[in-house]
Amino acid sequence: MKKLLSAAVVAAMALCGAAQAADVTVAAHSTGKNLDFLQKLFGEFEQQTGHKVTLVTMPPSSSEQFAQFRLWLAAGNSDVDVYQIDVVWAPQLADQFIDLKPAASDIADQFFPSIIASQTVDGRLVAMPMFTDAPALYYRKDLLEKYGKAVPKTWEELAATAQEVQDKERAAGRKDMWGFVFQANAYEGLTCDALEWIKSSGGGQIVEPDGTISVNNEKAAAALEQAKSWIGTISPPGVLSYQEEEARGVWQTGNAVFMRNWPYAYALGNGDDSAVKGKFDVAPLPVAAIGDKPSSTLGGWNLAVSKYSHEQEAAIALVKFLTSAEVQKRRAVENSLLPTLKALYDDPDIAAAQPFMPNWKPIFQDAVPRPSAATKMKYNEVSSRFWSAVHNTLSGSGSAAENLELLEVELTELKGSSW
């Protein structure tokens, strides 16, 4: 592996022509094992290139990250060279990043075309895909077997099964058991969850690819009312403040039957310190009715180089190293994060270490994108207003129909003559 990693770095360095040692600063989020894994890789990169890499730790909330990144970039900040960015940020921050297409000309065709396309704005490759993401339904296979229950395929089945298993476990003394945990805090994660509920119920995807505002409809309202019914019954009242890590905390201590979360939680759930190690599996998210298509939100994280960076050559070399096949393989094996390179889904080592991963490929290939391409520079405001309307509904401040009607008015004003 060391030899392969060296080859990846040498190739990147040769492409960039970097000859002198540089100090490169990377801003990255702190979810799961991300920072520990990056620090290990930075040490290897430093040893092989002579460059020094400094990590700027960002909070887990993608909304907070975006707000800070936008401030730094708007100010022309040269302190950060490489940004770890969410898949939906490319259209909004494209002008602040360099075009990586020349650096990736020899490897771009190895990535999934749709993922490369998601990071391409006006013909410029804004960021290199690091790993992709699509959530799934985590379920306690031991508890479903114990009570003779099948993995739910619809949201109604999920609620019924969650309630029954939760009640029986509590009757047996597990007073802290809950049926279903997910992300319902007012942040970007709630946009992802709610988009899944609405899309899988035939309620559209907030703003359609042609720019049409579609969110104010009966099916979308019914999906949100259904989710509201979970709060305090199969989901703890505190779920209204949960992000990914809070949901994982309840799940990993053995206190939930079901969880909606991203692939990173799989490896952590099977860690030696996990109460659910070996007791769970994953399945596609439920739908409103049998025959409907599961609608996992497309996620993923990418690496972009700031146009204000004074160390662009070394930064490009680092980006190529962190997105290389060798590193993506390690990220998949060690952290259960989905590769963005097609060939790795046929890798026997990955399949052996993470048996679920080859089966996850169709989940993310069919994943639903958030409406960032349609709403362009206004996406962050669209998402913020959407998650606020959803959070109001879940917390009992207005009905779903009322909140979606108000949301449509707000989005129409925000859109103006065009997105």
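In these legends, residues that meet have heavy atoms within 4.5 Å of each other. The views come from a predicted model.

**Close-up 1. Helix 9 packs against helix 18.** Let's start with the pair formed by helix 9, residues 218-230, and helix 18, residues 400-415. Their axes lie 9 Å apart and make an angle of about 130 degrees. That angle makes helix 9 oblique to helix 18, and the crossing of these two helices is right-handed.

**Close-up 2. The residues that join helix 9 to helix 18.** On the helix 9 side, look for A220, A221, L224 and E225. Their partners in helix 18 are A400, A401 and L404. Sorted by class, this contact of helix 9 with helix 18 holds six nonpolar residues, one charged residue and no polar ones.

**Close-up 3. Helix 8 packs against helix 9.** Here helix 9 appears again, now with helix 8, which spans residues 188-199. The two axes are 8 Å apart, at an angle of about 120 degrees. Helix 8 is therefore oblique to helix 9, and helix 8 passes helix 9 in a right-handed crossing.

**Close-up 4. The residues that join helix 8 to helix 9.** Helix 8 brings A194, W197 and I198 to this contact. In helix 9 they meet A220, A223, L224, A227 and W230. By class, the contact of helix 8 with helix 9 has eight nonpolar residues, with no polar and no charged ones. If A220 and L224 look familiar, that is no accident of labelling: A220 and L224 of helix 9 also meet helix 18.

How values were computed. Residues are numbered from 1 along each chain as its sequence is written. This is a predicted model: local features need pLDDT of at least 70, side-chain atom pairs count only at pLDDT 80 or more; totals for chains, interfaces and linings use all residues. Side-chain values use heavy atoms; hydrogens and water are left out. Axes are lines fitted to C-alpha atoms, for helices over the stretch in contact, and angles run from 0 to 180 degrees between N-to-C directions. Helices (H or I, at least four residues) and strands (E, at least two) are DSSP runs, numbered from the N terminus. Angles under 35 degrees count as roughly parallel, over 145 as roughly antiparallel, 65 to 115 as roughly perpendicular and the rest as oblique. A crossing is left-handed if the near helix is turned anticlockwise from the far one by less than a right angle, and right-handed if clockwise. Ala, Val, Leu, Ile, Met, Phe, Trp, Tyr, Cys and Pro count as nonpolar, Asp, Glu, Lys and Arg as charged, and the others, Gly among them, as polar.
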